[in-house]
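Hi everyone, thanks for making time. I'd like to walk you through a structure that you probably haven't met before, so have a look at it while I talk.

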Amino acid sequence: MSALALSVLLSLVSALGYAGGAIVQERVAVTSPGSAYLPLRRPGWWGALALNGLGGLLHVLALAYGPLSIVQPLGALTIVFALPLATLCVGRRAGATAWRGAVMATVGLAGLLSLVGSSPDHALDAAQRLAAAIVTGGAVAALMCAGRAAHRHPAVRSVLLATAAGIAFGMSSVFTKSVTVGWGGGLGSPGTLFSLTLIAVFSVAGVLLSQASYAGGGLAAPLATLTVVNPVLAAVVGILMFGETFRHGTTGTLLALGCGVLAAGGLIMLTTERMEETQTPAPQSSAPAGAQATGAVLSSVPTQRVDGEDLRVPADAGTHRSWNGTCGSC
């Protein structure tokens, strides 16, 4: 088997691992509403971590055998694999809108990543590491606060938290690449230690936020958001800090913008379908309509004593009306 074929195979199995981990995470979130971020007592959650870890390891191996322009677009198949796996494993069927959105997001992301060119690898310097850490931390914190504020809208909250998770994972990948490129300084160098600390912090934050994003948000929308945001952020950082550019000049840039719009449209379709599901009005009471109308009429009748006096009227008001209900002063 050639190195390229092995890289493709590893990428496909990696996407399957990520998809399986996402399905388990979503099921844990549904059955553990009180532990949105860290359901440590659920064995399924540890199984999801193992699947995600396997997917990450295979992804790194795929990058070792194949080019980034092929491995990264294949990782976008995670959302496509997750929908049929959810149907087979947990009986969660996706509607036609979810399928169209998933395909649009995957095609747009794959096209966008395939247009990003390569450049000589180099590590981030101290100023770039600090700036990236501050900007990323601020963005993740802001999205977390926005997610908490949108607790009455589960779909919006889910997408916000999934976006924060994608940013955290994306920057973790960026710092991992920086460490592997600049490993010549050794483990004891301050820059390496700082980068390793950021990798650990952002990785843990990504795991916790991704778990929380599945609570009330379903499977398709948060997973698609995470799948798109993670590599797109890495590509943006590669262009801004690593000197990477889009292929084919101006034409490639325009095509990349179109692919970005296509991926965003897919995410909107996924989120819209989930919002329509969560906003379905609750079933009305099974009481007959006539009984409900009768109850409404009876509730409007003044409460009376046996002698006929309305209890809602103050006692001193009796001097201003007669017993037959007419005003005594009129």
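Let's start with one pair of side chains: those of Ser-172 and Ser-203 make a polar contact at 2.9 Å. By polar contact I mean a pair of N or O atoms within 3.5 Å; within protein, one must be able to donate a hydrogen and the other to accept it, and residues adjacent in sequence count only if both atoms are side-chain atoms.

A quick word on where this comes from: it's a predicted model, so local features need pLDDT of at least 70 and side-chain atom pairs count only at pLDDT 80 or more, while totals for chains, interfaces and linings use all residues. Residues are numbered from 1 along each chain as its sequence is written, and side-chain values use heavy atoms, with hydrogens and water left out.

Back to Ser-172. You'll find Ser-172 in helix α7, residues 154-181. Helices here are DSSP runs of H or I with at least four residues, strands are runs of E with at least two, and both are numbered from the N terminus. Is Ser-172 buried or exposed? Ser-172 counts as buried, because its relative accessibility is 7% and the cut-off for buried is under 20% relative accessible area; exposed is over 50%, and partly exposed is in between (1.4 Å probe, protein chains only). If we leave aside neighbours within four places in sequence, Ser-172 is in contact with Ile-199, Phe-202 and Ser-203, where contact means heavy atoms within 4.5 Å.

Now zoom out. The protein chain has 11 helices and zero strands. Of its 330 residues, 38% count as buried. And if you take the contacts with a separation of 6 or more, 77% of them are between residues 24 or more positions apart.

What about the inside? The largest nonpolar core has 27 residues, and those with the most contacts inside it are Tyr-214, Leu-219, Leu-223, Val-228 and Leu-270. A nonpolar core, by the way, is a set of buried Ala, Val, Leu, Ile, Met, Phe, Trp, Tyr and Cys residues joined through side-chain atoms within 4.5 Å. Two or more residues of this core come from each of α1 (3-31), α4 (78-90), α5 (96-114), α9 (220-241) and α10 (249-278). Which of the elements gives the largest share? That's α9, with six residues.

Take Leu-219 as an example. Not counting residues up to four places away in sequence, Leu-219 touches Ala-22, Ile-23, Glu-26, Ala-82, Ala-86 and Tyr-214. There's also a second, separate core of 23 residues, and Ala-132, Leu-143, Val-229 and Val-237 are among them.

Stay on α9 for a moment, since Leu-226 sits in that helix. Leu-226 is buried, at 15% relative accessible area. Its contacts, again without neighbours within four places, are Ala-162, Ala-165, Gly-166, Phe-169, Ser-210 and Pro-231. Leu-226 and Ile-167 are 59 residues apart in sequence, yet their C-alpha atoms are 8.3 Å apart in space.

Glu-26 turned up in the list for Leu-219, and here it is again. How many salt bridges does a search of the whole structure find? One. The partners are Arg-27 and Glu-26, at 4.0 Å from N to O; the definition asks for a side-chain nitrogen of Lys or Arg within 4 Å of a carboxyl oxygen of Asp or Glu. Glu-26 counts as buried at 3% relative accessibility, whereas Arg-27 is partly exposed at 28% relative accessible area.

Another serine to look at is Ser-7, in helix α1. Ser-7 is buried, at 1% relative accessibility. A polar atom of the Ser-7 side chain lies 3.0 Å from the backbone oxygen of Ala-62.

Last stop, the outside. Trp-99, Val-103, Val-107 and Leu-262 make a nonpolar surface patch of about 310 Å². Patches are built from residues with over 30% relative accessible area and no salt bridge, with like charges joined within 9 Å and nonpolar side chains (Val, Leu, Ile, Met, Phe, Trp, Tyr) within 5 Å; accessible areas come from the Shrake-Rupley method with a 1.4 Å probe, and for residues only the protein chains shown count as cover. α5 gives the most to this patch, three residues. Val-103 lies in that helix and is partly exposed, at 43% relative accessible area.
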